[in-house]
Amino acid sequence: MTFALNDPRTSNREIIFYNSKMEEESIRANKIEELLEDILEGMDRDCFYLDYQPKLDVRTNKIVGFEALARLNHKELGYISPVEFIGLAEERMLIYDLGLKVFERTCVFLKELEDRAYEDLSVSINVSGIQMLRDEFVEDIKRAAACIDVDLSKLEFEITESILISNFELINEKLKEIKKLGIKVSIDDFGTGFSSFARLKSLNVDILKIDKYFIDGILEEDEESLISGDIISMGHRMGMKVVAEGVEEERQKDYLKKHGCDIIQGYLISKPLRKEKALEFLEKRNK
Ligand code: C2E
Ligand code: CA
Ligand code: CA
(Lines give C-alpha, C1' and ligand atoms only; values in the text may rest on other atoms or scores of the structure.)
(Ligands and ions follow the chains in the order given, each with its own letter.)
Protein backbone atom coordinates (compact mmCIF):
# COMPACT_ATOMS: atom_id res chain seq x y z
CA MET A 1 0.00 0.00 0.00
CA THR A 2 1.28 3.52 -0.72
CA PHE A 3 0.32 6.76 0.99
CA ALA A 4 0.69 10.40 -0.02
CA LEU A 5 4.13 11.83 0.69
CA ASN A 6 2.82 14.09 3.43
CA ASP A 7 0.99 11.18 5.11
CA PRO A 8 2.79 10.19 8.36
CA ARG A 9 2.28 6.50 7.40
CA THR A 10 4.51 6.94 4.34
CA SER A 11 7.82 5.17 4.95
CA ASN A 12 11.24 6.75 4.40
CA ARG A 13 11.92 4.21 1.66
CA GLU A 14 8.85 5.35 -0.24
CA ILE A 15 9.86 8.99 0.11
CA ILE A 16 13.32 8.21 -1.26
CA PHE A 17 11.73 6.25 -4.13
CA TYR A 18 9.37 9.09 -5.05
CA ASN A 19 12.10 11.70 -4.73
CA SER A 20 14.51 9.84 -6.95
CA LYS A 21 11.79 9.18 -9.55
CA MET A 22 10.82 12.85 -9.58
CA GLU A 23 14.44 13.84 -9.82
CA GLU A 24 14.98 11.49 -12.75
CA GLU A 25 11.94 12.94 -14.53
CA SER A 26 13.09 16.47 -13.96
CA ILE A 27 16.62 15.72 -15.22
CA ARG A 28 15.12 14.16 -18.36
CA ALA A 29 12.82 17.17 -18.88
CA ASN A 30 15.76 19.56 -18.53
CA LYS A 31 17.81 17.53 -21.01
CA ILE A 32 14.96 17.61 -23.54
CA GLU A 33 14.56 21.34 -22.98
CA GLU A 34 18.27 21.89 -23.65
CA LEU A 35 18.04 19.76 -26.76
CA LEU A 36 15.08 21.77 -28.04
CA GLU A 37 16.96 25.00 -27.38
CA ASP A 38 19.94 23.68 -29.33
CA ILE A 39 17.66 22.73 -32.21
CA LEU A 40 16.13 26.20 -32.24
CA GLU A 41 19.62 27.68 -32.40
CA GLY A 42 20.40 25.53 -35.43
CA MET A 43 22.48 22.87 -33.67
CA ASP A 44 21.69 19.14 -33.46
CA ARG A 45 19.87 19.51 -36.75
CA ASP A 46 19.45 15.85 -37.60
CA CYS A 47 17.68 14.72 -34.46
CA PHE A 48 14.64 16.89 -35.14
CA TYR A 49 12.67 16.08 -38.28
CA LEU A 50 9.18 15.58 -39.63
CA ASP A 51 7.49 12.37 -40.67
CA TYR A 52 4.64 12.49 -43.16
CA GLN A 53 1.58 10.26 -42.92
CA PRO A 54 -0.36 9.78 -46.18
CA LYS A 55 -4.09 10.54 -46.43
CA LEU A 56 -6.26 8.63 -48.88
CA ASP A 57 -9.34 9.84 -50.75
CA VAL A 58 -11.81 7.00 -50.20
CA ARG A 59 -13.66 7.54 -53.47
CA THR A 60 -10.73 7.83 -55.86
CA ASN A 61 -8.34 5.62 -53.87
CA LYS A 62 -5.59 8.22 -54.46
CA ILE A 63 -3.28 9.88 -51.95
CA VAL A 64 -4.49 13.46 -51.53
CA GLY A 65 -2.13 14.70 -48.88
CA PHE A 66 -0.06 14.12 -45.77
CA GLU A 67 -0.01 15.05 -42.10
CA ALA A 68 3.37 16.33 -40.90
CA LEU A 69 4.32 14.89 -37.49
CA ALA A 70 7.24 16.21 -35.47
CA ARG A 71 9.96 13.76 -34.41
CA LEU A 72 12.80 13.92 -31.94
CA ASN A 73 15.40 11.17 -31.96
CA HIS A 74 18.54 11.69 -29.92
CA LYS A 75 21.64 9.53 -29.58
CA GLU A 76 21.53 9.61 -25.79
CA LEU A 77 17.84 10.05 -25.01
CA GLY A 78 16.56 7.82 -27.81
CA TYR A 79 13.20 8.34 -29.50
CA ILE A 80 11.10 10.91 -27.66
CA SER A 81 7.37 10.88 -28.35
CA PRO A 82 5.90 14.17 -29.60
CA VAL A 83 3.33 13.92 -26.83
CA GLU A 84 6.25 14.32 -24.40
CA PHE A 85 8.38 16.95 -26.16
CA ILE A 86 5.52 19.05 -27.54
CA GLY A 87 3.98 19.14 -24.05
CA LEU A 88 7.32 20.17 -22.61
CA ALA A 89 7.88 22.78 -25.34
CA GLU A 90 4.49 24.26 -24.42
CA GLU A 91 5.37 24.32 -20.73
CA ARG A 92 8.81 25.87 -21.28
CA MET A 93 7.62 28.43 -23.85
CA LEU A 94 9.51 26.92 -26.75
CA ILE A 95 6.47 25.82 -28.73
CA TYR A 96 6.12 29.05 -30.69
CA ASP A 97 9.55 28.84 -32.29
CA LEU A 98 9.38 25.07 -32.63
CA GLY A 99 6.00 25.41 -34.34
CA LEU A 100 7.51 27.89 -36.81
CA LYS A 101 10.23 25.36 -37.60
CA VAL A 102 7.59 22.72 -38.27
CA PHE A 103 5.77 25.22 -40.49
CA GLU A 104 8.90 26.09 -42.49
CA ARG A 105 9.88 22.46 -43.02
CA THR A 106 6.36 21.63 -44.12
CA CYS A 107 6.49 24.48 -46.65
CA VAL A 108 9.76 23.07 -48.02
CA PHE A 109 8.11 19.63 -48.36
CA LEU A 110 5.11 21.19 -50.12
CA LYS A 111 7.49 22.92 -52.52
CA GLU A 112 9.13 19.57 -53.30
CA LEU A 113 5.73 18.08 -54.03
CA GLU A 114 4.95 20.98 -56.36
CA ASP A 115 8.31 20.56 -58.09
CA ARG A 116 7.49 16.90 -58.71
CA ALA A 117 4.21 17.99 -60.28
CA TYR A 118 2.00 16.76 -57.42
CA GLU A 119 0.06 19.97 -57.58
CA ASP A 120 -3.17 18.89 -55.94
CA LEU A 121 -1.74 17.50 -52.74
CA SER A 122 -2.10 19.24 -49.39
CA VAL A 123 -0.09 18.92 -46.19
CA SER A 124 -1.45 19.47 -42.69
CA ILE A 125 0.40 20.46 -39.54
CA ASN A 126 -0.63 20.38 -35.90
CA VAL A 127 -0.85 23.83 -34.38
CA SER A 128 -1.09 24.38 -30.66
CA GLY A 129 -3.31 27.02 -29.07
CA ILE A 130 -0.32 28.85 -27.60
CA GLN A 131 1.02 29.44 -31.11
CA MET A 132 -2.28 30.78 -32.41
CA LEU A 133 -2.75 33.16 -29.53
CA ARG A 134 0.52 35.01 -30.19
CA ASP A 135 -0.14 38.38 -31.86
CA GLU A 136 2.54 37.93 -34.50
CA PHE A 137 1.45 34.40 -35.51
CA VAL A 138 -0.30 35.28 -38.78
CA GLU A 139 2.45 37.72 -39.85
CA ASP A 140 5.16 35.16 -39.07
CA ILE A 141 3.58 32.39 -41.11
CA LYS A 142 2.90 34.77 -43.98
CA ARG A 143 6.56 35.78 -44.02
CA ALA A 144 7.86 32.21 -43.78
CA ALA A 145 5.59 31.01 -46.58
CA ALA A 146 6.57 33.93 -48.82
CA CYS A 147 10.27 33.08 -48.36
CA ILE A 148 9.70 29.52 -49.55
CA ASP A 149 7.15 30.64 -52.15
CA VAL A 150 4.41 28.08 -51.46
CA ASP A 151 0.76 28.15 -52.31
CA LEU A 152 -0.94 28.54 -48.92
CA SER A 153 -4.15 26.96 -50.14
CA LYS A 154 -2.33 23.62 -49.99
CA LEU A 155 -1.70 23.95 -46.28
CA GLU A 156 -3.99 22.81 -43.52
CA PHE A 157 -3.81 23.55 -39.79
CA GLU A 158 -5.07 20.90 -37.39
CA ILE A 159 -6.24 22.30 -34.08
CA THR A 160 -7.68 20.32 -31.19
CA GLU A 161 -11.07 20.95 -29.66
CA SER A 162 -9.51 21.60 -26.26
CA ILE A 163 -7.97 24.93 -27.32
CA LEU A 164 -11.43 26.28 -28.04
CA ILE A 165 -12.80 25.75 -24.58
CA SER A 166 -11.35 28.80 -22.90
CA ASN A 167 -10.60 31.03 -25.90
CA PHE A 168 -13.37 30.37 -28.37
CA GLU A 169 -13.92 33.95 -29.65
CA LEU A 170 -10.24 34.81 -29.83
CA ILE A 171 -9.26 31.59 -31.58
CA ASN A 172 -12.21 31.88 -33.95
CA GLU A 173 -11.04 35.37 -34.98
CA LYS A 174 -7.54 34.00 -35.63
CA LEU A 175 -9.04 31.17 -37.67
CA LYS A 176 -10.81 33.73 -39.81
CA GLU A 177 -7.50 35.48 -40.57
CA ILE A 178 -5.82 32.14 -41.29
CA LYS A 179 -8.60 31.17 -43.68
CA LYS A 180 -8.25 34.52 -45.45
CA LEU A 181 -4.71 33.44 -46.35
CA GLY A 182 -6.20 30.37 -48.03
CA ILE A 183 -5.06 27.90 -45.36
CA LYS A 184 -7.65 25.24 -44.48
CA VAL A 185 -8.46 24.48 -40.88
CA SER A 186 -9.47 21.17 -39.35
CA ILE A 187 -10.69 20.12 -35.93
CA ASP A 188 -8.45 17.29 -34.74
CA ASP A 189 -9.51 14.50 -32.34
CA PHE A 190 -13.11 15.45 -33.00
CA GLY A 191 -15.63 14.06 -30.56
CA THR A 192 -13.35 13.90 -27.54
CA GLY A 193 -13.76 17.34 -26.04
CA PHE A 194 -15.77 20.19 -27.43
CA SER A 195 -19.30 18.92 -27.69
CA SER A 196 -21.52 21.86 -28.58
CA PHE A 197 -22.66 21.48 -32.18
CA ALA A 198 -24.22 24.94 -32.03
CA ARG A 199 -20.78 26.45 -31.45
CA LEU A 200 -19.23 24.25 -34.06
CA LYS A 201 -21.52 25.81 -36.62
CA SER A 202 -20.11 29.27 -35.96
CA LEU A 203 -16.53 28.02 -36.03
CA ASN A 204 -14.30 28.91 -38.98
CA VAL A 205 -13.24 25.37 -39.88
CA ASP A 206 -13.37 23.35 -43.10
CA ILE A 207 -12.63 19.81 -41.97
CA LEU A 208 -13.61 17.45 -39.16
CA LYS A 209 -11.13 14.80 -38.14
CA ILE A 210 -12.90 12.00 -36.30
CA ASP A 211 -10.88 10.74 -33.35
CA LYS A 212 -9.43 7.22 -33.43
CA TYR A 213 -11.61 6.31 -30.45
CA PHE A 214 -14.71 6.27 -32.67
CA ILE A 215 -12.87 4.54 -35.50
CA ASP A 216 -11.87 1.77 -33.06
CA GLY A 217 -15.54 1.53 -32.12
CA ILE A 218 -16.40 0.46 -35.68
CA LEU A 219 -14.68 -2.88 -34.97
CA GLU A 220 -16.67 -3.39 -31.79
CA GLU A 221 -19.87 -3.00 -33.78
CA ASP A 222 -21.46 -1.30 -30.80
CA GLU A 223 -22.97 2.16 -30.40
CA GLU A 224 -19.66 3.88 -31.09
CA SER A 225 -19.76 2.62 -34.67
CA LEU A 226 -23.08 4.34 -35.18
CA ILE A 227 -21.59 7.59 -33.87
CA SER A 228 -18.92 7.64 -36.62
CA GLY A 229 -21.66 7.52 -39.25
CA ASP A 230 -23.53 10.32 -37.46
CA ILE A 231 -20.42 12.51 -37.24
CA ILE A 232 -19.84 12.06 -40.98
CA SER A 233 -23.37 13.16 -41.89
CA MET A 234 -23.31 16.02 -39.39
CA GLY A 235 -19.98 17.25 -40.80
CA HIS A 236 -21.34 17.10 -44.34
CA ARG A 237 -24.51 18.93 -43.35
CA MET A 238 -22.30 21.74 -42.05
CA GLY A 239 -20.44 21.83 -45.36
CA MET A 240 -17.28 20.27 -43.99
CA LYS A 241 -15.04 17.51 -45.30
CA VAL A 242 -14.67 14.55 -42.97
CA VAL A 243 -11.39 12.73 -42.28
CA ALA A 244 -11.08 9.52 -40.24
CA GLU A 245 -7.82 8.93 -38.39
CA GLY A 246 -6.32 5.76 -36.96
CA VAL A 247 -7.82 3.47 -39.60
CA GLU A 248 -6.07 0.13 -39.17
CA GLU A 249 -8.38 -2.45 -40.74
CA GLU A 250 -10.15 -3.02 -44.02
CA ARG A 251 -13.45 -3.40 -42.16
CA GLN A 252 -13.15 0.18 -40.86
CA LYS A 253 -12.39 1.45 -44.35
CA ASP A 254 -15.45 -0.33 -45.76
CA TYR A 255 -17.70 1.16 -43.08
CA LEU A 256 -16.29 4.65 -43.63
CA LYS A 257 -16.65 4.37 -47.39
CA LYS A 258 -20.24 3.20 -47.03
CA HIS A 259 -21.01 6.19 -44.80
CA GLY A 260 -19.48 8.70 -47.21
CA CYS A 261 -16.32 9.61 -45.27
CA ASP A 262 -14.09 11.69 -47.58
CA ILE A 263 -10.56 10.91 -46.46
CA ILE A 264 -8.91 8.23 -44.32
CA GLN A 265 -5.57 8.09 -42.58
CA GLY A 266 -3.99 5.31 -40.54
CA TYR A 267 -1.69 2.30 -40.50
CA LEU A 268 -3.93 0.52 -43.04
CA ILE A 269 -2.72 3.04 -45.64
CA SER A 270 0.70 3.73 -44.15
CA LYS A 271 2.54 4.64 -40.97
CA PRO A 272 4.11 8.11 -40.87
CA LEU A 273 7.15 8.06 -43.20
CA ARG A 274 10.45 9.89 -43.53
CA LYS A 275 10.39 12.42 -46.35
CA GLU A 276 12.16 10.27 -48.96
CA LYS A 277 9.96 7.27 -48.14
CA ALA A 278 6.85 9.43 -48.34
CA LEU A 279 7.83 10.57 -51.83
CA GLU A 280 8.55 6.96 -52.89
CA PHE A 281 5.20 5.85 -51.48
CA LEU A 282 3.46 8.57 -53.44
CA GLU A 283 5.20 7.58 -56.64
CA LYS A 284 3.98 3.98 -56.27
CA ARG A 285 0.43 4.71 -55.11
CA ASN A 286 -0.51 7.59 -57.41
CA LYS A 287 0.93 6.24 -60.66
P1 C2E B 1 -2.38 13.56 -33.56
O2 C2E B 1 -2.32 14.89 -34.24
O3 C2E B 1 -3.71 13.05 -33.15
O4 C2E B 1 -1.63 12.56 -34.53
C5 C2E B 1 -2.03 11.24 -34.74
C6 C2E B 1 -1.16 10.27 -33.98
O7 C2E B 1 -1.64 8.95 -34.21
C8 C2E B 1 0.29 10.27 -34.44
O9 C2E B 1 1.07 9.96 -33.30
C10 C2E B 1 0.32 9.12 -35.45
O11 C2E B 1 1.60 8.57 -35.63
C12 C2E B 1 -0.63 8.15 -34.79
N13 C2E B 1 -1.31 7.27 -35.76
C14 C2E B 1 -1.61 7.50 -37.04
N15 C2E B 1 -2.26 6.46 -37.59
C16 C2E B 1 -2.41 5.53 -36.62
C17 C2E B 1 -3.00 4.23 -36.57
O18 C2E B 1 -3.55 3.71 -37.53
N19 C2E B 1 -2.94 3.59 -35.36
C20 C2E B 1 -2.35 4.12 -34.26
N21 C2E B 1 -2.33 3.41 -33.14
N22 C2E B 1 -1.79 5.36 -34.28
C23 C2E B 1 -1.81 6.05 -35.44
P24 C2E B 1 2.40 10.76 -32.96
O25 C2E B 1 3.16 11.01 -34.22
O26 C2E B 1 3.07 10.04 -31.85
O27 C2E B 1 1.86 12.16 -32.48
C28 C2E B 1 1.18 12.30 -31.26
C29 C2E B 1 0.63 13.69 -31.10
O30 C2E B 1 1.66 14.67 -30.96
C31 C2E B 1 -0.18 14.16 -32.29
O32 C2E B 1 -1.47 13.59 -32.24
C33 C2E B 1 -0.18 15.67 -32.09
O34 C2E B 1 -1.17 16.05 -31.17
C35 C2E B 1 1.18 15.89 -31.46
N36 C2E B 1 2.11 16.44 -32.47
C37 C2E B 1 2.89 15.78 -33.36
N38 C2E B 1 3.59 16.64 -34.12
C39 C2E B 1 3.22 17.90 -33.71
C40 C2E B 1 3.60 19.22 -34.09
O41 C2E B 1 4.39 19.46 -35.03
N42 C2E B 1 3.01 20.27 -33.41
C43 C2E B 1 2.11 20.06 -32.39
N44 C2E B 1 1.57 21.13 -31.77
N45 C2E B 1 1.73 18.82 -32.01
C46 C2E B 1 2.28 17.76 -32.66
CA1 CA C 1 -3.28 15.76 -35.94
CA1 CA D 1 -5.70 13.34 -33.97
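In this predicted model, strand β2 makes the greatest contribution to the shell around ligand 1, giving four residues. The shell comprises 21 residues, of which Q53, R71, N126, E248 and Y267 come nearest to ligand 1. By residue class, the shell divides into nine nonpolar, seven charged and five polar residues.

Ligand 1 occupies the largest pocket. Two or more shell residues are given by each of β2 (63-74), α2 (82-91) and β6 (184-190).

Polar contacts to ligand 1 involve both side-chain and backbone atoms of the protein. From the side chain of E67, a polar atom lies 3.3 Å from an oxygen atom of ligand 1. For N126, the corresponding distance from a polar side-chain atom to an oxygen atom of ligand 1 is 3.0 Å. Y267 contributes through its backbone, with an N or O atom placed 2.8 Å from an oxygen atom of ligand 1. Ligand 1 taken alone exposes 800 Å², and the protein buries 79% of this area.

Two calcium ions, ligand 2 and ligand 3, lie 4.0 Å apart and are bridged by D188. The calcium ion designated ligand 2 is coordinated by E67 (OE), N126 (OD1), E158 (OE) and D188 (OD), at distances of 2.2 to 2.4 Å. Along the chain, the donors of ligand 2 follow the spacing E-x58-N-x31-E-x29-D. Distant parts of the chain are linked by the pair N126 and D188: N126 belongs to strand β4 (residues 122-126) and D188 to strand β6, with their positions 62 residues apart in the numbering. E67 and N126 thus appear in two settings: each is a donor to the calcium ion ligand 2, and each places a polar side-chain atom at 3.3 Å (E67) or 3.0 Å (N126) from an oxygen atom of ligand 1.

The calcium ion designated ligand 3 is coordinated by D188 (OD), D189 (OD) and E245, the last of these being listed twice through OE, at 2.2 to 2.5 Å. The donors of ligand 3 follow the spacing D-D-x55-E along the chain. D188 is accordingly a donor in both calcium sites, coordinating ligand 2 as well as ligand 3.

Definitions and conventions: Residues are numbered from 1 along each chain as its sequence is written. Chains are lettered from A and ligands numbered from 1 in the order in which they are written. This is a predicted model: local features need pLDDT of at least 70, side-chain atom pairs count only at pLDDT 80 or more; totals for chains, interfaces and linings use all residues. Side-chain values use heavy atoms; hydrogens and water are left out. A residue is near a molecule or strand if one of its heavy atoms lies within 4 Å of it. A polar contact is a pair of N or O atoms within 3.5 Å; within protein, one must be able to donate a hydrogen and the other to accept it, and residues adjacent in sequence count only if both atoms are side-chain atoms. Accessible areas come from the Shrake-Rupley method with a 1.4 Å probe; for residues, only the protein chains shown count as cover. On a 1 Å grid over the protein atoms alone, a cavity is a set of points where a 1.4 Å probe fits but cannot get out, and a pocket is an open set with protein on both sides within 12 Å along at least five of seven lines; lining residues have an atom within 4 Å of a point. A molecule sits in a cavity or pocket if more than half of its atoms lie within 2 Å of its grid points. Ala, Val, Leu, Ile, Met, Phe, Trp, Tyr, Cys and Pro count as nonpolar, Asp, Glu, Lys and Arg as charged, and the others, Gly among them, as polar. Donors are N, O and S atoms within 2.8 Å of the metal (3.2 Å for Na, K and Ca); water is not among the atoms, so sites may look incomplete.
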